[in-house]
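Grab a coffee and open the viewer. Below are a few exercises, each with a solution you can follow step by step.

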Amino acid sequence: MREIKNQIDAYRKELEKATARIKDAESLQELHTLFLGRKKGYVTLLMNAMKFLPPEEKRDAGQIINLFKKDVQDVLDGRQKSIQKSRIISFAADLTLPGRSPYWGAPHPLRLFQNRIESIFQKMGFSIEEGPEIETDFYNFEALNFPPEHPARDDWDTLYLDKDDWLLRTHTSPVQIRVMEKRKPPIRIICPGKVFRKEAPDPTHSPMFYQVEGLIVDHGITFAHLKGTIDFFLRTFFHEKIKVRFRPSFFPFTEPSAEVDISCTVCNQKDDNCRVCGGSGWVEILGAGMVDPQVLKNVNIDPEKYSGFAFGMGIDRTGMFQYQIPDLRYFFDNDLRFIRKFSRQ
Ligand code: FA5
């Protein structure tokens, strides 16, 4: 009996020290197993030792051991409650902090500009077509009236692929041919997409950029329709007061041809040293013209019955001028501080 009492005293001291070291639910569980484990816990060992006592001592020994067991249980329960409470307190402390809202993905600004351009033309009755970015010489040049060795091919700094006459399309005009091959007039389409040119990047040029091609072919289409459509688009996309001018130009697939400029939205025609317009006050936004009769013949449309106009516009430049961004390379640097400025539009 004396031995059992001494052993209980020793266990109580151990419990006191071990309890002070409990930090978490895991160390609490370890202590529980050490004292109350069914097979080798200290309380079980004491019960086993009781078998060797004389019968008249067994009752008292049983009471002392049960008292010890209850004390151990109380101590462990108390620790468990305090661990739970500290967890709740550390969580509750966060409730005073402002919440962190996750950043949702958003369309790239160029996609937003494209959406806007598409929606203006859709309201005018245009439908949307797409074509491949890898093209053949035939669609990119030949069917558009650039015979081999034609000097105008040099205006498009082409990236050729190894195989046969494949290349990265230099403009979206080949989609005109693909559509007219399949469909007869009336045709009223726009074709947005990526194009590629072997060009050194600068504030208004990129070797990869986006264009939107437009094409109308029907009876009695004139240059006045082209002018009215472009004028309406630019005034809707930018603002009513934007100045628009048509300059005579040359494209092998349109006759007559024009390049269209708008008044510089970055300097408002007021800075002789403007990085974007170079002080001229004007920036080129698109090329356009009446579809050359030879192009219509190439796709078996009778130019005596039908006429059409086409245009090709830089999406990057259009967005750049809308937001007065002085360098279109910002669109491709993918600096999130820049990209996110557009995400809630
Ligand atoms: C063309 O690409 C013709 N296919 C457009 C066309 C279509 C004319 C139908 C007639 C009929 P151009 O090379 O000028 O033309 O390019 C058209 C527009 O793309 C330019 O006005 C400009 O806004 C944009 N652009 C041209 N080169 C670049 C470049 N390197 N980086 C960014 N935008 C460019």
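**Exercise 1: the ligand site**

How many residues surround the ligand, and which are the closest?

*Solution.* Keep in mind that you are looking at a predicted model. Start with the head count: 27 residues surround the ligand. The closest are His171, Ser173, Arg197, Glu284 and Ile285.

Next, go through some polar atoms. The side chain of Ser173 puts an N or O atom 2.9 Å from a nitrogen atom of the ligand. The side chain of Glu199 also has an N or O atom by a ligand nitrogen, here at 3.2 Å. With Ile285 it's the backbone that counts: one of its N or O atoms lies 2.9 Å from an oxygen atom of the ligand. Finally, check the cover: on its own the ligand has 680 Å² of accessible area, and the protein covers 96% of that.

**Exercise 2: the cysteines**

Work out why Cys274 and Cys277 don't form a bond.

*Solution.* Recall the chemistry first: a disulfide is a covalent bond between the sulfur atoms of two cysteines. To count as one here, the two sulfurs have to be within 2.5 Å. Now take the distance: the sulfur of Cys274 has its closest cysteine sulfur in Cys277, 3.8 Å away, so the pair is too far apart for a bond.

The total for the structure is 0 disulfides. Cys267 is in none either, and its nearest cysteine sulfur, again that of Cys277, is 3.7 Å away. Last step, accessibility: Cys274 is buried at 6%, and Cys267 is buried at 10%, because buried means under 20% relative accessible area.

**Exercise 3: a helix and what follows it**

Explain why helix α10 can be called largely enclosed.

*Solution.* Find the helix at residues 315-322 and count: 7 of its 8 residues are buried, so the rest of the structure largely encloses it. The buried ones are Ile315, Asp316, Arg317, Thr318, Gly319, Met320 and Phe321.

Then look at a partner from elsewhere in the chain. Phe238 sits in the loop between α8 and β7 and is buried too, at 12% relative accessible area. Phe238 and Gly319 are 81 residues apart in sequence, yet their C-alpha atoms are 9.4 Å apart in space.

Now step past the helix to Gln324, in the loop between α10 and α11. Gln324 has a positive phi of about 50 degrees although it isn't a glycine. At 43% relative accessibility, Gln324 is partly exposed.

**Exercise 4: backbone oddities**

Which residues does the cis peptide bond with omega of about 5 degrees join?

*Solution.* Start from the background: most residues other than glycine have a negative phi, and most peptide bonds are trans. The bond in question joins Pro185 and Pro186; Pro186 is in the loop between α7 and β5. Another cis bond runs from Glu255 to Pro256, with omega near -5 degrees, and Pro256 lies in strand β8. For phi, add Asn334, a non-glycine with a positive value of about 55 degrees, in the loop between α11 and α12.

**Exercise 5: one buried, one partly exposed**

Is Asp261 buried or exposed?

*Solution.* Locate Asp261 in strand β8. At 2% relative accessibility, Asp261 is buried. Then check its side chain, which makes a polar contact of 2.7 Å with the side chain of Arg247.

For contrast, take Trp166 in strand β4, which is partly exposed at 31%. Trp166 joins Ile134 and Leu161 in a nonpolar surface patch of about 230 Å².

Technical notes
Residues numbered from 1 in each chain as written. Predicted model: local features only at pLDDT ≥ 70, side-chain atom pairs only at ≥ 80, totals over all residues. Heavy atoms only, no water. Buried < 20%, exposed > 50% of the residue type's maximum accessible area, 1.4 Å probe, protein only. Patch = residues over 30% accessible without salt bridge, like charges linked within 9 Å, V, L, I, M, F, W, Y side chains within 5 Å. Areas by Shrake-Rupley, 256 points an atom, 1.4 Å probe, with all protein chains shown as cover. Salt bridge = Lys/Arg side-chain N within 4 Å of Asp/Glu carboxyl O. Helix = DSSP H or I, 4+ residues; strand = E, 2+ residues; numbered from the N terminus. Near = heavy atom within 4 Å. Polar contact = N/O pair within 3.5 Å; in protein donor to acceptor, adjacent residues only side chain to side chain.
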